[in-house]
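Please open the model in your viewer and keep the selection panel at hand. The tour goes from one selection to the next and says at each stop what is there.

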Amino acid sequence: MESSTHFSKNELACKCCGNAKMEDGFMERLEELRVRFGKGMRLSSAFRCSEHNSEVSKTGKRGPHTTGRAVDVLTRGKDAHRLIELATQLGFTGIGIKQNGSHEKRFLHLDDLQEAEGRPRPWVWSY
Ligand SMILES: [Zn+2]
């Protein structure tokens, strides 16, 4: 799925190659989150190809973003708190929290990966 009701291909696409191979089930979950949240969600990252992911993430060539099952939402404060609550209810299993540093760059990582070797889920981490 390359776009959905509330998210354009442009914001879902890999920053380096423009591919937007988002997983269908993840996008349904993300759309439901957006609807329950009731206002705009700005994504700083969604799909990443393996090459791009290995440049920007410690997860290397196989991180959650490379499977189309992760987004980073630019948010903070009350909105971030609300999104964590809703995301947990909706079955997002990976929640990464970046809430220090400049306000404009604060975000939440959300994914819905299953538990695997070396990847416990559900899980919360900070950056
Ligand atoms: Zn790419």
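One term is needed before the tour starts: a residue is called buried if 20 or more other C-beta atoms lie within 10 Å of its own, with C-beta atoms placed from the backbone. Please also keep in mind that this is a predicted model.

Begin with the whole protein chain, shown as a cartoon, in which there are 4 helices and 5 strands, and follow the elements from the N terminus in the order α-α-β-α-β-α-β-β-β. The radius of gyration of the protein chain is 13 Å, close to the 14 Å that the globule rule gives for 127 residues, so the chain is as compact as a globular protein of that length. Its C-alpha trace spans about 35 × 30 × 30 Å along the principal axes, and 28% of the 127 residues count as buried.

Next, select the 5 strands, which form an open sheet of mixed pairing in the order β1-β2-β4-β3-β5. At the edges stand β1 (42–45) and β5 (123–126), and each has a single partner strand, so one side of each is left without a neighbour in the sheet. From one strand to the next, the twist averages 25°.

Now select β4, residues 107–111. How many of the residues of β4 are buried? The count is 5 of the 5, so β4 is largely enclosed by the rest of the structure. With side chains displayed, Phe 107, His 109 and Asp 111 point one way from the strand, while Leu 108 and Leu 110 point the other way. In a regular strand the side chains alternate between the two faces of the sheet.

Keep β4 in view and add β2 (residues 70–74), which runs antiparallel to β4 and is joined to it by 5 bridges. Across this pairing, Asp 72 stands opposite His 109, and Val 73 stands opposite Leu 108. Then add β3, which also has 5 bridges to β4 and runs antiparallel to it; here Ile 97 stands opposite Leu 108.

Finally, select helix α4 (residues 77–89), which packs on the sheet, touching β2, β3 (94–98) and β4, with its direction making about 10° with that of β4. At 1.5 Å a residue, the 13 residues of α4 should span 18 Å, and the end C-alpha atoms are 19 Å apart, which agrees. Following α4, stop at Gly 91, whose phi is positive, near 90°.

Conventions. Residues numbered from 1 in each chain as written. Predicted model: local features only at pLDDT ≥ 70, side-chain atom pairs only at ≥ 80, totals over all residues. Helix = DSSP H or I, 4+ residues; strand = E, 2+ residues; numbered from the N terminus. Expected span 1.5 Å × (residues − 1). Pairing = 2+ DSSP bridges. Axes fitted to C-alpha atoms, helices over the stretch in contact; angles between N-to-C directions. Contact = placed C-beta atoms within 7 Å. Rg over C-alpha atoms; globule rule 2.2 N^0.38 Å. Buried ≥ 20, exposed ≤ 12 C-beta atoms within 10 Å, placed from the backbone.
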